[in-house]
Amino acid sequence: MRFVANGFSSRLPSGFEDRSSLVLVGPNAPDGFAVNLVVTRQPVSVDTSPEAFARSQLRQLPPDMQQLEVLSEGTRELRGRPVFERHHRVHVNGRTLEQLQAFMVLESGLALIVTASAPQGSLDLVRPAFEEFVDGLEPSDRE
């Protein structure tokens, strides 16, 4: 199997799976934090809903992120696919971040997670990019 990423490809080593991530960095918030979008992928059962996957992720948070406060969440449809979205606040390493997340599960059993992060009060610096990226996401469902 070929592994294809940003500008390169290679063979996926035997016994390995692709759990690659993509990091997009935006402008700095007033405190110097670079707002960002992170896209990760993880294999799941094909019958897992985006909401069930998102809720399972909350149960697996490391101890330093246990103070997560969900501000809003819900499911919407994007080109015929359910997408579960969450807005939350989390306290990490003495900093309070706001995050937007979108969870999508493809027919192949691959979960895509898009996370936008910004310091509390600066979410508007990354929200338009998050919405543009998620709304423009066109999964191929091919490995």
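This briefing walks through a sheet, the helices that lie on it and a small group of aromatic rings. The model is predicted, so please read every value below as computed from that prediction. At the centre of the story is an open sheet of six strands with antiparallel pairing. Helix H1 packs on this sheet, and ring pairs link Phe53, Phe84 and Phe103 into a cluster.

**The sheet as a whole**

- If you trace the open sheet across its six strands, the order is S3-S4-S8-S7-S6-S5.
- Strand S3 (21–28) and S5 are the edge strands, since each of them pairs on one side only.
- From one strand to the next, the twist averages 15 degrees.
- As a reminder, strands of a sheet pair through backbone hydrogen bonds, and the pairing can be parallel or antiparallel.

**Strand S6 and its two neighbours**

- Is strand S6 (residues 81–92) largely enclosed or largely open? Nine of its 12 residues are buried, so S6 is largely enclosed by the rest of the structure.
- On one side, S6 pairs with strand S5 (residues 69–78) in the antiparallel sense, over nine bridges.
- To find a spot where these strands meet, look for Glu73, whose bridge partner in S6 is Arg86.
- S5 and S6 form a hairpin with two residues between them, and Arg79 in that turn has a positive phi of about 50 degrees.
- S6 also pairs with strand S7 (residues 95–105), again in the antiparallel sense and over nine bridges.
- Here you can look for Glu85, which stands opposite Ala102 in S7.
- S6 and S7 form a hairpin too, with two residues between them; in its turn, Asn93 has a positive phi of about 50 degrees.

**The S3 end of the sheet**

- S3 and strand S4 (residues 34–43) are antiparallel partners, joined over six bridges.
- One of the places to look is Asn28, which has Ala34 in S4 as its bridge partner.

**The helices on the sheet**

- Helix H1 (residues 50–59) packs on the sheet, where it touches S4, S5, S6, S7 and strand S8 (110–119).
- The direction of H1 makes about 20 degrees with that of S6.
- Helix H2 (residues 127–136) lies across S3, S4, S5, S6, S7 and S8.
- H2 runs at about 10 degrees to S7.

**The aromatic cluster**

- How many aromatic pairs are there? The count comes to two.
- Why is the pair of Phe53 and Phe103 called edge-to-face? Their ring planes stand at 70 degrees, and planes over 60 degrees apart count as edge-to-face. The ring centres of Phe53 and Phe103 are 6.1 Å apart.
- This pair links distant parts of the chain: Phe53 sits in helix H1 and Phe103 in strand S7, 50 residues apart.
- Phe53 has 4% relative accessibility, so it counts as buried.
- Phe103 is buried as well, because its relative accessible area is 1%, under the 20% cut-off.
- The rings of Phe84 and Phe103 have their centres 6.4 Å apart and their planes at 50 degrees, so this pair is tilted.
- Phe84 in strand S6 and Phe103 in strand S7 are 19 residues apart, and their pair also links distant parts of the chain.
- Phe84 is buried, with a relative accessible area of 1%.

Key. Residues numbered from 1 in each chain as written. Predicted model: local features only at pLDDT ≥ 70, side-chain atom pairs only at ≥ 80, totals over all residues. Heavy atoms only, no water. Buried < 20%, exposed > 50% of the residue type's maximum accessible area, 1.4 Å probe, protein only. Helix = DSSP H or I, 4+ residues; strand = E, 2+ residues; numbered from the N terminus. Pairing = 2+ DSSP bridges. Axes fitted to C-alpha atoms, helices over the stretch in contact; angles between N-to-C directions. Contact = heavy atoms within 4.5 Å. Phe/Tyr/Trp six-rings, centres within 6.5 Å; stacked < 30°, edge-to-face > 60°.
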